[in-house]
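Colleague: I'm new to this one and would like to know how the labels are earned. Can you take me through it?

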Amino acid sequence: MSLCRFYPTPSDRMAIIWSLMPIGDAVVLEYGPAGTTHFGGGLYSSLGLELGRSLFTTHISEDDVIMGDVSRLENAILEIDEAYSPKIIFVVAAAVIAVIGTDVAGVCHYMQEKVNARLISFEEGGFRGDYTAGLRSVYRMLARELAKPAPKKEKTYNIVGASAGSYRVRSDVWEIQNLMREAFGYECGCVIGLESSVDEIENMGGAELNLVIRTEALEAAEILKNNCGTEYYYGTPYGYSGTLNWLTEISKIIGKEISPTLVKRLKEKSMYLMPMGGPMGMGMMGRQKQKASVQGDYDTLLGIRQALEEMNIETENLICSHSIKAIENSDPQIRFLGKEKERIELFKSLRGEWCLGSDEMAMFCSENDYFTLISAPFNSKYQYATHLPFMGEKGMDCLLELKNDFFEKFDY
Amino acid sequence: MGLDGNKMLQKMKRLSEAANMKQVKPLSYALFPGYHCPLMGAMLTIKEIDDSVMVVIGPDECAYYTQLATSGGNMKANGCRIVSVVLDQHDVTFGCQEKMDEAFAELMEEFSPKVVYLVTTCVVEVTGDDIDSMAIGYEAEYGLPVIVVHAENFKTDDHLPGIEHTLDGSIDAMEEQNICDCVNILGLRLGDFKKTEVYGYLQKSGIDIGLMLPGKASADSIRTAPNAKCNIVVHSVGLPLAKEMKERFGTPYVVFERYSDPELILSCYKELFAVLDKEMPSELENMYSEMAEKTKSASEILSGKTYISGNTALCNYELHKFMAEKLGVKPLLLQISDMDDDSIEFRKKIIEICDPYVTRSANLGAIGYMYPLLKPDFNIGAGNQLELRKNKIAVVRMMNAYNTLGFEVCRMVIDAFLAANKESEMMKNGDFGKMPHGMMRGGMGR
């Protein structure tokens, strides 16, 4: 099973680039063939990333590959520093550069004294794991290298572990920010993994709390706890009860009560889903549990399962889009099918289910399924909205509407 | 904040000072968006070949982007199945033969192609896996043509070698045929040959079209391509295949690129009909006279104007020679990606007349810094639209260029420059309100 018929799992390098590009006052410089950057532009713009002056390439020639000539890299660093005065230049090695073993970190080291911008290199080249390895690497670097201890600023928090590669991530972040504002009157300082400035990241140590929304960001959260004394909470708000539980856990850490209005609303909506709780719940009585199969990132799977449980839908398959080797005590229901053919066979075998997943899943689940796009790759959809989350109260509102469509399709 | 245009200009060479692409400097060291890579060129060509499978051999990034580019929109692969063999650390260290063997068996079982293209990328070209030998093995084992397209990006500044290598590799999928009254069209990168003037005259003379590569082709149309009476090379990317076919199958060829100069177009027509052993339609002589007259009249209006050019869909150096020599419109700066031997005579003539600056193409961020310094009247090809407008530089629009060949190219070029000249005058007079809708939009890319 060596043939890849559709999208391979994105590499660490790809995630490094899509996570560094949104950082304001910084520039990503790819040291490698220009074709990769040009081609990659298509992906990055589809993820909603601004390309202008955030990404450059040196291009390379045979001189770089055979003779180890690094003058293109040196000159590009000097030029970017002079022309755009960024605070940081992230130098990211391409796959071919990683293979030939050019000492990119070494070049950055001796070039540092010649430029004002800080130089930070990434030498992974796409061979050190899938995109979750890249996310880990970026979150860890930002926490260790940029964030500084700062006087605590009341009623502020950071979101740690967003990823532009996640479908509707900006909407989910928007929903988290709404929930925190309504529940506690807290404001978001910076979002690690999406648009944040260097200054915001440097000052993130002043927040009261870090909200970790991806398992890959846990190491960064620990670093921030040790270096800046910031407590963190790891989890995502999915479903009405799930959202309330999430807020309750945060409430315990920060020692603040959740807004009673919000609690009441979430409880009412949650009750509405219970058997005898209302028309929606009543409708479920006596019915056989319907099934769903979900494909997505690890934390998306955990969250969507929570939401499905609240809707009395059984999750038959939870297929992780990335390797789960690095996740300690991973959920036993979540599987990573590394072989594409196994995934295709599984998706083809589903019947009468609610399939929530990526373009890949959409391609193979049959007309006898009901499909909802929730994860990458999502080339078939452009995301205009930043207010249509899957997380939180509004996310659950949306999922409920989709569930009704699913039930209608099959007359359940 | 920004680049120093004056510094960039000081470093830039004139066309006469550059003997090869190595001597042509980019405007800046940090590029954006940068050049397309040969993998893209190979993809654009192979995706149109029915009954074929394209296998991208490289890191997941190359495979991912190829899928992304062809999974929808106008780049969607039609009769071709695009798959990949993704190399990991193990393959890089120990070689990818085992993975390739397994993948090839899988693709043969699932897709039953008639031809397979193995497209390499930078990493596999550096690690030195012998993909050519693997292809020979698969041909013997599975009994079908397996063509290797070497598509590493570090030897080139654009995607054209990917097209060229796909074409010349395809000769191994061809078989000796009986000759019939048809021609092959080699090198038509984009567009529809059936919409061109040349196609119309071939039809009138009873000549059919055989293989079009790039174009909508199939494994069978490639196999039977040597049945053509001649190959028409419409872009230099088709020339190596044409030469190879002449040597292997005796198929003559005529180079008939998208030339602008009526004299050159007429001589191409003459050569083509001579090779086809057909009488040249008499109206072509009339068209020549008409275009010669049109050129003369246009030069009276345009002479003395200047432009900056990126790559275009036309024969670039021939276009610049025609503009400078016949219309008196001089290029100030050319953004180029090749200096091939076939265009050397055109370049010599350009140097005699005006000797423009040359720089590498596909650097849209940096090119904007040249506009206020060189102050051209027009821009051709890709440009920085915002800066063009700011500097009152009119865009030369030849939107239908990909569907033209013959005297219609000359007509299109002259009309586009005359329209741009009107736009230029309006912009310089501040008459933005009189400009037709869409006039400020982009021109013609490559």
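Modeller: Sure. Start with the contact between the chains in this predicted model: chain B puts in 56 residues and chain A puts in 54.

Colleague: What makes a residue part of that contact?

Modeller: Heavy atoms within 4.5 Å. By that rule, 56 residues of chain B and 54 of chain A get in.

Colleague: How much area is buried between chain B and chain A, and which residues of chain B stand out?

Modeller: About 4,800 Å² is buried between chain B and chain A, with 62% of that coming from carbon and sulfur atoms. On the chain B side, Tyr29(B), Tyr64(B) and Tyr65(B) supply 16% of the area this chain buries against chain A, more than any other three residues.

Colleague: Why is the pairing of Asp63(A) and Lys22(B) called a salt bridge?

Modeller: The cut-off is 4 Å from a side-chain nitrogen of Lys or Arg to a carboxyl oxygen of Asp or Glu. For Asp63(A) and Lys22(B) the N to O distance is 3.6 Å, so the pair qualifies as a salt bridge. Between chain B and chain A the count is six salt bridges.

Colleague: On to the helices. Why is H1(A) called oblique to H7(A)?

Modeller: Helix H1 (residues 12-20) of chain A and helix H7 (residues 131-146) of chain A pack at about 40 degrees, their axes 6 Å apart. Angles under 35 degrees would count as roughly parallel, and 65 to 115 as roughly perpendicular. About 40 degrees fits neither, so H1(A) is oblique to H7(A).

Colleague: Which hand does the crossing of H1(A) and H7(A) have, and which residues make the contact?

Modeller: The crossing is right-handed. From H1(A), the residues in contact include Ala15(A), Ile16(A) and Trp18(A), and H7(A) brings Leu135(A), Val138(A) and Met141(A), among others. Sorted by type, the residues of this contact come out as nine nonpolar, three polar and one charged.

Colleague: What makes the peptide bond from Ala376(A) to Pro377(A) cis?

Modeller: Its omega, which is near 0 degrees. Pro377(A) sits in the loop between strand S15 (370-373) and helix H17 (392-410) of chain A. Chain B has a cis bond joining Phe32(B) and Pro33(B), with omega about 0 degrees. Most peptide bonds are trans.

Colleague: And what is notable about the phi of Asp25(A)?

Modeller: Most residues other than glycine have a negative phi. Asp25(A) is not a glycine, yet its phi is positive, about 65 degrees. You'll find Asp25(A) in the loop between strand S1 (23-24) and strand S2 (26-31) of chain A.

Key
Residues numbered from 1 in each chain as written. Chains lettered and ligands numbered in written order. Predicted model: local features only at pLDDT ≥ 70, side-chain atom pairs only at ≥ 80, totals over all residues. Heavy atoms only, no water. Axes fitted to C-alpha atoms, helices over the stretch in contact; angles between N-to-C directions. Helix = DSSP H or I, 4+ residues; strand = E, 2+ residues; numbered from the N terminus. Parallel < 35°, antiparallel > 145°, perpendicular 65-115°, else oblique. Left-handed = near helix turned anticlockwise from the far one by under 90°. Nonpolar A, V, L, I, M, F, W, Y, C, P; charged D, E, K, R; others polar. Buried area = accessible area lost by both parts, 1.4 Å probe.
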